[in-house]
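Biologist: I'm new to this one. Could you pick a single part, take a close look at it, and then show me what surrounds it?

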Amino acid sequence: MLQVKDKRIVTTRKVHMCFGCEEEIEKGVNAVYVNAKEDEQRNNFHLHEECNKIIAKDKWFSGSGLYRGCIKDAMKTSEKLMSINILPDELPFPMQFNNKVEA
């Protein structure tokens, strides 16, 4: 399991690959530099500021869900779920809305 030891904002001096989304982080932009430890080995990497915010907000990443490309994988899964078109009548437990009728 990856354990984050330290995080800090840095201005990149060269192009880096984001650990979370595996997209390029351009030279000269702010990024989050992470010092971590996994299985007694040091692991240093960079994150886009947005990717860092996503990881910080989502508790799933705080467990074993933080790995190289985790945000990219999470986005793919989310897109797949959003593309499923289920009609309310097809749900195993149909939702019924409470329509109040005033007399």
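Modeller: Let's begin with a word we'll need right away: a residue is exposed when its relative accessible area is over 50%, buried when it is under 20%, and partly exposed in between, using a 1.4 Å probe and counting protein chains only. This is a predicted model, in which local features need pLDDT of at least 70 and side-chain atom pairs count only at pLDDT 80 or more, while totals for chains, interfaces and linings use all residues. Residues are numbered from 1 along each chain as its sequence is written, and side-chain values use heavy atoms, with hydrogens and water left out.

The part I'd pick is the loop between β4 (30-38) and β5 (41-47), where Asp-39 sits. Glu-40 is in that loop too. As for the labels, helices are DSSP runs of H or I with at least four residues, strands are runs of E with at least two, and both are numbered from the N terminus.

What makes the loop worth a look is its backbone. Most residues other than glycine have a negative phi. Asp-39, though, has a positive phi, near 50 degrees. Glu-40 has a positive one as well, near 65 degrees. How open are these spots? Asp-39 counts as exposed, at 64% relative accessible area, and Glu-40 is exposed too, at 67%.

Now step back to see where the loop fits. The protein has five strands and two helices, and from the N terminus the strands come before the helices, in the order β-β-β-β-β-α-α. Of its 103 residues, 26% are buried. Contact here means heavy atoms within 4.5 Å. Among contacts with a separation of 6 or more, 46% join residues 24 or more positions apart.

The strands on either side of our loop also lead inward. A nonpolar core is a set of buried Ala, Val, Leu, Ile, Met, Phe, Trp, Tyr and Cys residues joined through side-chain atoms within 4.5 Å. The largest one here has 16 residues, and Phe-45 and Leu-47 touch the most other members. β4, β5, α1 and α2 each supply at least two of its residues, with β4 giving the most, four. Leaving out residues up to four places away in sequence, Phe-45 touches Leu-2, Phe-19, Val-32, Tyr-33, Val-34 and Ala-36.

Follow the chain into helix α1 and you meet Asn-52. It is buried, at 15% relative accessible area. With residues up to four places away in sequence set aside, Asn-52 touches Lys-7, Val-32 and Leu-47.

The cysteines deserve a stop as well. A disulfide is a pair of cysteine sulfur atoms within 2.5 Å, and the structure holds zero of them. The sulfur of Cys-51 has its closest cysteine sulfur in Cys-18, but at 3.7 Å that is too far for a bond. Cys-51 is buried, at 7% relative accessibility. Cys-70 is in no disulfide either, with the nearest cysteine sulfur, in Cys-51, 8.3 Å away. Cys-70 is buried too, at 1%.

Last come the charged pairs. Side chains of opposite charge can pair when their charged atoms come close. A salt bridge means a side-chain nitrogen of Lys or Arg within 4 Å of a carboxyl oxygen of Asp or Glu, and there are four here. One of them joins Glu-22 and Lys-72, whose closest N and O atoms are 2.7 Å apart. That pair links distant parts of the chain: Glu-22 is in the loop between β2 (16-17) and β3 (24-25), while Lys-72 is in helix α2 (residues 70-83), 50 residues apart. Glu-22 is partly exposed at 30% relative accessibility, and Lys-72 is partly exposed at 30% as well.

Another bridge joins Lys-53 and Glu-50, at 3.6 Å from N to O. They are three residues apart in helix α1 (residues 49-57), so about one helical turn separates them. Lys-53 is partly exposed, at 45%. A further bridge pairs Arg-8 with Asp-6, with their closest N and O atoms 3.5 Å apart. Arg-8 is partly exposed at 43%, and so is Asp-6, at 33%.
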